[in-house]
Amino acid sequence: MAPPSQVSVWAPAKINLALHVTGQRDDGYHLLETLAVFTRFGDTIEIMPASEDSFHAFGPYSADVPVGRDNIVAQARDLFKKGTDLDMPTAITLEKRLPVASGIGGGSSDAAATLIALNTLAGTDMDAGALAELGTELGADVAMCVHRAPLVAKNIGDLVTAVRPFPRLHVVLVNSGVQISTPRVFSGLTNRANSPLPKIPSQFATDELDRWLAATRNDLTAAAVRLEPEIETVAERLVDAGARFARMSGSGATCFGIFDNAQDASQAAATIADRQPGWFVVATETTAHGDQYEPD
Ligand code: C5P
């Protein structure tokens, strides 16, 4: 079969439903345990063969995307080419709909999507495990974003185990517009040796999930709130708008709220956006294993 002439890959947002920091390695990286899910809302990466390598971003948050070598998409491309001895220049386009440096894995997901797209375009046939291992060189979260389905990640976030079955959740993502530096949040931790995640139930029905979530934490919250106190207001707005559960994702500042159905989620998103016109507010659904990524 002829290789495709162009590949488009979805780069979903990642939500850390729970994130426990359990220790720190000698190299400074933190040991953590997280339950992460991915949403139907996200960025898109499009790649086609070209006469020379290029990278271009457009979309609502493209102005915040670093250019040149600092860009994680360009780094993912270079890493893939080096790792596979690929000698094929490409034109890469990123539609940036996820806010940058906001705790929902935008950059890591863009990098993961770039690896997945190049693997298809070049017909290199690497499996998800091999792509995830390659991607870990770019950031601890990239492996999770290669797997892009409900999972538990341990170690520094790079050791991934699928969690299935896991329900699709109706969620609202809210960010007040602040960017947060992940290293600053980690270095602001006052306690680095917290308890691990409680046992993952073998069946994650809705009431079990609620019970499980109530017994978990995001251990980065206090440090992030010290840097950006508005995070607490964002979580309160979600609860005021009817979320049955709300929490910060990753190192912040984006918070997610879980709702009973799509209508409640959209209604809540409309209410919050109406009150705070400058904020990033999106109602979406999380995906289950095997779901095809169709943009919202
Ligand atoms: O791996 P990534 O580049 O996404 O991490 C950004 C920064 O976040 C790291 O340089 C480190 O300071 C911090 N980090 C950490 N422990 C982790 C993941 C990230 O301390 N498990």
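The space taken by the ligand is the largest pocket. A pocket here is an open set of points on a 1 Å grid over the protein atoms alone, with protein on both sides within 12 Å along at least five of seven lines, and a molecule sits in one if more than half of its atoms lie within 2 Å of its grid points. Please keep in mind that this is a predicted model, in which local features need pLDDT of at least 70, side-chain atom pairs count only at pLDDT 80 or more, and totals for chains, interfaces and linings use all residues. Residues are numbered from 1 along each chain as its sequence is written, and side-chain values use heavy atoms, with hydrogens and water left out.

**Around the ligand**

Domain 1 (7-162) and domain 2 (170-285) both contribute to the shell, so the ligand lies between them; the domain bounds come from an automatic or database domain assignment. The residues that surround the ligand, each with a heavy atom within 4 Å of it, include Gly 28, Leu 32, Gly 139, Ile 156 and Pro 183. By class, the shell has 6 nonpolar, 4 polar and no charged residues, with Gly counted as polar and Tyr as nonpolar. At least two shell residues come from each of β2 (30-49) and α5 (182-187), and α5 gives the most, with 3 residues. These elements are DSSP runs numbered from the N terminus: helices (H or I) have at least four residues and strands (E) at least two.

Three polar contacts (pairs of N or O atoms within 3.5 Å) reach oxygen atoms of the ligand:

| Residue | Part of the residue | Distance to a ligand oxygen |
|---|---|---|
| Tyr 29 | side chain | 3.2 Å |
| His 30 | side chain | 2.7 Å |
| Ala 140 | backbone | 2.8 Å |

Taken alone, the ligand exposes 450 Å², and the protein buries 73% of that; these areas come from the Shrake-Rupley method with a 1.4 Å probe.

**Loops to look at**

Arg 97 sits in the loop between β4 (90-95) and α2 (106-122). A polar atom of the Arg 97 side chain is 3.0 Å from the backbone oxygen of Gly 42. In sequence Arg 97 and Gly 42 are 55 residues apart, while their C-alpha atoms are 6.1 Å apart in space.

Two cis peptide bonds are also worth a look. One joins Arg 164 and Pro 165, with omega about 0 degrees, and Pro 165 belongs to the loop between β6 (159-162) and β7 (170-175). The other runs from Gly 252 to Ala 253, with omega near 10 degrees; Ala 253 is in the loop between β8 (245-248) and β9 (255-259).

Methods:
Polar contact = N/O pair within 3.5 Å; in protein donor to acceptor, adjacent residues only side chain to side chain. 1 Å grid on protein atoms, 1.4 Å probe; cavity = no way out; pocket = protein on both sides within 12 Å on 5 of 7 lines; lining within 4 Å.
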